[in-house]
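Reader: I am new to this one and would like to be walked through it slowly. Could you put it up before we start?

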Amino acid sequence: MADLNSKERMAIPFVHMPLNPGEKRIHNFLEVPIGYTAEQAMQEARRCIQCKKPGCIGGCPVGINIPAFLELIEDGKFAEAAKKIRETNFLPAACGRVCPQDKQCQAVCVVGKKSDPVGIGNLERFAADWERTHGTFTAPVIPAPTGKRVAVIGSGPAGLTAAYELRMRGHEVIVFEAFHRGGGVMVYGIPRFRLPLEIIDEDIKMLENMGVQFVYDMIIGNVLSLDDLLVTEKFDALFIGTGAGLPKMLGIPGENSNGVYSANEYLTRIYLMQANDFPRYITPIEQGKRVGVIGAGNTAMDTLRTAKRMGSDVTCYYRRTRDEAPARTEEVEHAEQEFLNWKWLHNPVEIIADANNNVKAIKCEKMKLSEPDSSGRRKPVGTGEFVTDEIDTIVFSLGCDVNPIIPATDKEIRINKWGIVMVDRETNMTTKEKVFAGGDVVTGGSTVILAMGQAKTAALNMHKYLVGEIKWDVSKIPTDPNAPGIVWEGKNK
Amino acid sequence: MTEQIKSIIKDIRIDQVTEATRALEAAARLTGLDDASKTELAAGLAALFYHDLHGKTGLIRLASQAEDIIASLGTAVLPFLIGELALADAESAAHFGRVIARSKAAAVKPVMDAINSHRGDDYAMMNLIATISCFKDPAALEAIPEILVASKGKNERLRAEALYAAGRLVRNLGSDRFDDTLRLKMFDTCFEALKDKNPLVRRNAVASLGKIAEKGMLTPDQERKVRDKFKGLLGIDGAHNWDNAYIVRQQAQQFFKFLKEDGKAHNRYHQTFRILEKRELCPDTYYYSIDAPLIAHKLVAGQFIIIRANEHGERIPLSIAGWDAEKGTINVIIMSAGRSSREINMMNVGDRLADVVGPLGQHSHVKKHDGVCVVIGGGYGTGAVLPTARALKKAGNKVYGIVGARNEKLLIMEDELKQVCDEVLVTTNDGTKGIQGFVTHAMEAIMKRGEKISHVLAIGPVPMMMAVANMTKPLGIETFVSLNAIMVDGTGMCGACRVSVGGKTKFACFHGPDFNGHEVDFDQLMKRQKMFVAKEKLALEAMGK
């Protein structure tokens, strides 16, 4: 089979990911995609033409050698394929599930020019799952201790990646987490039907086996300040990966009514505190018959689909159209299979509550898209026409600002006017010596893989700094409070 | 016969794996050898031990086959094997050690003799002691006094080797082989060695003590001593004076689990969240002192914590009634209301809360005022005003305390408040004690005396705080209230605790919990607190099911 020419490879049809059917899955929290069988995976991998200049590697924030692992899958060497991925990405099972491949590797795939691009994400997931279920994973060998101690603040995707990269270079690593379990946004923000808990726990266990220590219930900034960590606790370097955890609201009347949640609160109650298993778990969630979700990003899709599984009639309100929805294409498609209502071009202007402050209705202005402006973007403009829908529960899913606790407790950390921690874009150094940052805390909110990519850059530079290869340099960190956070530019450094 | 051996030995070469394999097979088939030939053969096969086998799986297999064959030759080859130990490198010595140990009890005496004759030759002693540590036969116990002497010797590498051997023997022989005298001697030697200057010696002493603990050979007193010592090495004891060598800390961390009350390994940032004291203040209301040294170290008046009682629990915010940074404890008052507070109130001294998170929120507004300060506590809030009252007093203010309750029986923390405030006024709704009426009546009483009030802090039920704020607003008295909104995470991540203050949405957990009472939308707060009433009732009904 290996001697197919590229024309023959291009002719192989795309292997669609088998899914749990929509009418069944809306009644449970089981994972939606079932996963490829070995045959399906090998056939899909065969579609890769192994181009000489693979764009997909550059399209991956952590630079996975995609053609190499696809070739291994094609040859049926699944364990080796997983190993190949792990050379650059240590959370393959999670990334295969939650990465926006349609904006990254698969977007630049040459095969995609003619038909569907190669299902790289599906295959990454396949390799990682195969490795986990067949127990072929071997713990990496840790080099001799360097004698340096590093603290990682936050155990989300950025924190775990930084911990892994630093431990792999022989440093002593302690991870501090404010919640009672590790995983960060992967636990409290990403639904179980997209990312099962076992996968996160497995990765944390692996880090523990590598000698990374985890401390839970620890709010750095309040319990131990950054100075405490550096001075009394004698850490040689710190990594801030506290993420974006300050929900945005619209600032419209009535948004403090009972039954109005931020997506963070709604998802945290269900996925971290397990309110869906109430009253066995005693954290409550109050959800009415009709739920409205405002926004159309990835988190909005997660919220919509979660609310549906909680048994309500669910509607999405978004002021632009489906084409502008920032969510990953696959998520929108999956959501559309789940019997949701869509109100595109609806901009909420007021939430109406009853005398007991309970939500009763939502008032929206109908919008239309303007002609493209100079940047080519079509802005939503009001039509002056209003509609009011009866509703019992509203979830705001408009993204988050950066968690303010660390910047508020350490004035040496420079932030911009949106609260984003300013760093040197080459090295991820902050304005405070020995402190690095990465993930949503420096971007202001993005995806798991981008956070991981940055954490990786930061960890490599931390290592260089710890062994004395580079000096502390804050000269390139922007001083303008209007400067944006780091925006990923599409290439892994 | 000798010819045969010679041809075998000729083929034992690492560059000819096939020939060497064949030669080993031939050697294994030889029978009826005399002692001299046995030694000759052993010497030939032992050539394999001296090669650097690292990473070469084929050769490692050959070496282990050679070990088997030499061991099968019996005690006749012991003099040769022991003789080699004097000069062998560490890795080769390990091969010889394993072979020697397979002669069991019969080999102990020759090794002991060698130890006696090599006194002063530290290098040979190291190999001999390492060999002893390979024994799984109780006869090896005889060598322990020798090992303990060596572990106090002048040569630091020998000390390290001897300490390591002691631990290995504990593991190999099992706890029932060691009598009390021997146990005590071993403990004392190893414990003493923790003070050694050399990190490798300390590391091996830690490992040996760890193995002794692992085998359950420590008395409770010894165990406590080792635990405290390991805590010191790891820096968990709060003294910030951990061992500077990573290898020592790493070993201590590895073995610490055998010394823990709960069998779980912890690092220096671990807090047990154990209930150290529980006292009933009035029916259904309890005062707790909880072990949380890191939190106690950082608390400032006005901040709060979040508690989760157990794995199924919800995260509930609680005010702080005090703390002791030195003892590492924090104090809270919990009144049974919903399921979570009831579950905590069913816990007792010695029980552990699943999580205590904090300190959270901003500190209270403390400065020197012109007029007097009044702190008002209602119900469970009486404890919560204590820290701020103390801070206000410390800032040089005259501080009045007002405690309100429905009746005398429900009055709490009055005495504690008296110790902090210049004067405490009590109000009860039914007049069973103090002024009859509400806390606002006590405020009026203070004002009637002609004293100027410049600062008020009220903590308690929302209607009480609202009444206080409504009273002081027209008088222009600065009034702060502490808002106990519904929370989930407590760090500003979820926004469950949104409150309207001065027309703006604020997060009680991060911007608060203290807010200007004149700007708070109390009506909305009260309604928001009722958001989960139906669910809370269900949770309570499901309790214990």
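Author: We can go through the domains, the contact between the chains, one helix and one sheet.

Author: Please keep in mind throughout that this is a predicted model.

Reader: Okay, so into which domains is chain A divided?

Author: Chain A is divided into domain 1 (6–134), domain 2, which is made of 149–245 + 400–466, and domain 3 (250–396).

Reader: And how far apart are the centres of domain 1 and domain 3 of chain A?

Author: Taken over C-alpha atoms, the centres of domain 1 of chain A and domain 3 of chain A are separated by 31 Å. There is contact between the two, with 7 residues of domain 1 of chain A meeting 10 residues of domain 3 of chain A. On the domain 1 side of that contact, the residues are 4 nonpolar, 2 polar and 1 charged.

Reader: What about chain B, which domains does it have?

Author: Chain B has domain 1 (174–262), domain 2 (275–360) and domain 3 (372–533), and the C-alpha centres of its domain 1 and domain 3 lie 51 Å apart.

Reader: Switching topic: how many residues are in contact between chain A and chain B?

Author: On chain A there are 40 residues in contact with 42 residues of chain B. The elements of chain A that give two or more residues to this side are β2 (172–176), β3 (213–215), β5 (246–247) and α14 (263–272), and α14(A) gives the most, with 4 residues.

Reader: How do the residues on that side of chain A divide into nonpolar, polar and charged?

Author: The side of chain A that touches chain B has 19 nonpolar, 15 polar and 6 charged residues.

Reader: Now helix α16 of chain A, which of its residues are buried?

Author: In α16(A), which covers residues 329–336, the buried residues are Glu331(A), His334(A) and Ala335(A). Seen down the axis of α16(A), these buried residues fall within an arc of 100°, so they line one face of the helix.

Reader: What do the buried residues of α16(A) pack against?

Author: They pack against α15 (298–309) of chain A.

Reader: Last thing, in what order do the strands of the β10-to-β12 sheet in chain A come?

Author: The 3 strands form an open, antiparallel sheet in the order β10-β11-β12 of chain A. At the edges stand β10 (346–353) and β12 (380–390) of chain A, each with a single partner strand, so one side of each is left without a neighbour in the sheet. From one strand to the next, the twist averages 20°.

Reader: How many bridges join β10(A) and β11(A)?

Author: β10(A) pairs with β11(A), residues 359–369, over 7 bridges in the antiparallel sense, and the bridge partner of Asn347(A) in β11(A) is Glu365(A).

Methods
Residues numbered from 1 in each chain as written. Chains lettered and ligands numbered in written order. Predicted model: local features only at pLDDT ≥ 70, side-chain atom pairs only at ≥ 80, totals over all residues. Nonpolar A, V, L, I, M, F, W, Y, C, P; charged D, E, K, R; others polar. Domains from an automatic or database assignment. Buried ≥ 20, exposed ≤ 12 C-beta atoms within 10 Å, placed from the backbone. Arc of directions from axis to C-beta. Pairing = 2+ DSSP bridges. Axes fitted to C-alpha atoms, helices over the stretch in contact; angles between N-to-C directions.
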